[in-house]
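Me: I have a chain here that I would like to talk through with you. Could you take my questions one at a time and show the reasoning behind each label?

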Amino acid sequence: MVRDYVRDYPEATVMEVSRETGVSVARIYELVRQGKLVAHSPDSDMAVECVVCGRRIVTGQVCDQCRREIRAKSVPASDERLKGRLHLESRLRRPREKGY
Ligand SMILES: [Zn+2]
């Protein structure tokens, strides 16, 4: 399990984690994006960039600051917030289609 390995070897690089766990590098970054894996520091090569401002973050899609801003802008109704989140996620997951 990647998470166990990262917990035991927090300083391991993504390449090392991939080699030791058999999980591809792309999949490891996917897990970090999904918040299922947390890099030990923003300087780690496992850290990802905030999709809004590009700041290094240890997990998820956006940094704390952007998350607060997004939250402040969104309608307080919970289903509205969920809709916005799903929209953001589907946009991130799918590369822009041709002619779109
Ligand atoms: Zn940000």
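Me: Let's start with valine 17. Where is valine 17 found?

Reply: Happy to help! Valine 17 sits in helix H2. Keep in mind that this is a predicted model.

Me: What makes valine 17 buried or exposed?

Reply: The count of neighbours decides. Valine 17 has 20 other C-beta atoms within 10 Å, and a residue is buried at 20 or more. Valine 17 is therefore buried.

Me: Which residues does valine 17 touch, leaving aside residues up to four places away in sequence?

Reply: With those left aside, valine 17 touches Val2, Tyr5, Val6, Ala12 and Ile28. Take the last of these: valine 17 and isoleucine 28 are 11 residues apart in sequence, and their C-alpha atoms are 8.4 Å apart in space.

Me: How do you know that they are in contact, given that C-alpha distance?

Reply: Contact is judged on C-beta atoms placed from the backbone, with a cut-off of 7 Å. The 8.4 Å value runs from C-alpha to C-alpha, so the contact cut-off does not apply to it. Isoleucine 28 also touches Val2, Val14, Ser18, Val23, Leu37 and Met46, again not counting residues up to four places away in sequence.

Me: Which residues form the largest nonpolar core?

Reply: There are eight: Val6, Val14, Val17, Ile28, Val32, Leu37, Ala39 and Met46. Helix H2 (14-21) and helix H3 (25-33) each supply at least two residues of this core. In soluble globular proteins, nonpolar side chains tend to be buried together.

Me: Now valine 48, in strand E1 (residues 48-49). Why is valine 48 called partly exposed?

Reply: Valine 48 has 19 C-beta neighbours inside 10 Å. Buried needs 20 or more and exposed needs 12 or fewer, so a count of 19 makes valine 48 partly exposed. Not counting residues up to four places away in sequence, valine 48 touches Tyr29, Val32, Arg33 and Ile57.

Me: And what makes serine 41, in the loop between H3 and E1, buried or exposed?

Reply: Serine 41 has 12 other C-beta atoms within 10 Å. A residue with 12 or fewer is exposed, so serine 41 is exposed. Serine 41 still touches Ala47 and Val58, not counting residues up to four places away in sequence. The C-alpha atoms of serine 41 and valine 58 are separated by 6.0 Å, though these residues are 17 apart along the chain.

Me: Finally, how many helices and strands does the chain have?

Reply: Five helices and two strands, running α-α-α-β-β-α-α from the N terminus on. Buried residues make up 11% of the 100 residues in the chain.

How values were computed. Residues numbered from 1 in each chain as written. Predicted model: local features only at pLDDT ≥ 70, side-chain atom pairs only at ≥ 80, totals over all residues. Core = buried A, V, L, I, M, F, W, Y, C linked by C-beta atoms within 7 Å. Helix = DSSP H or I, 4+ residues; strand = E, 2+ residues; numbered from the N terminus. Contact = placed C-beta atoms within 7 Å.
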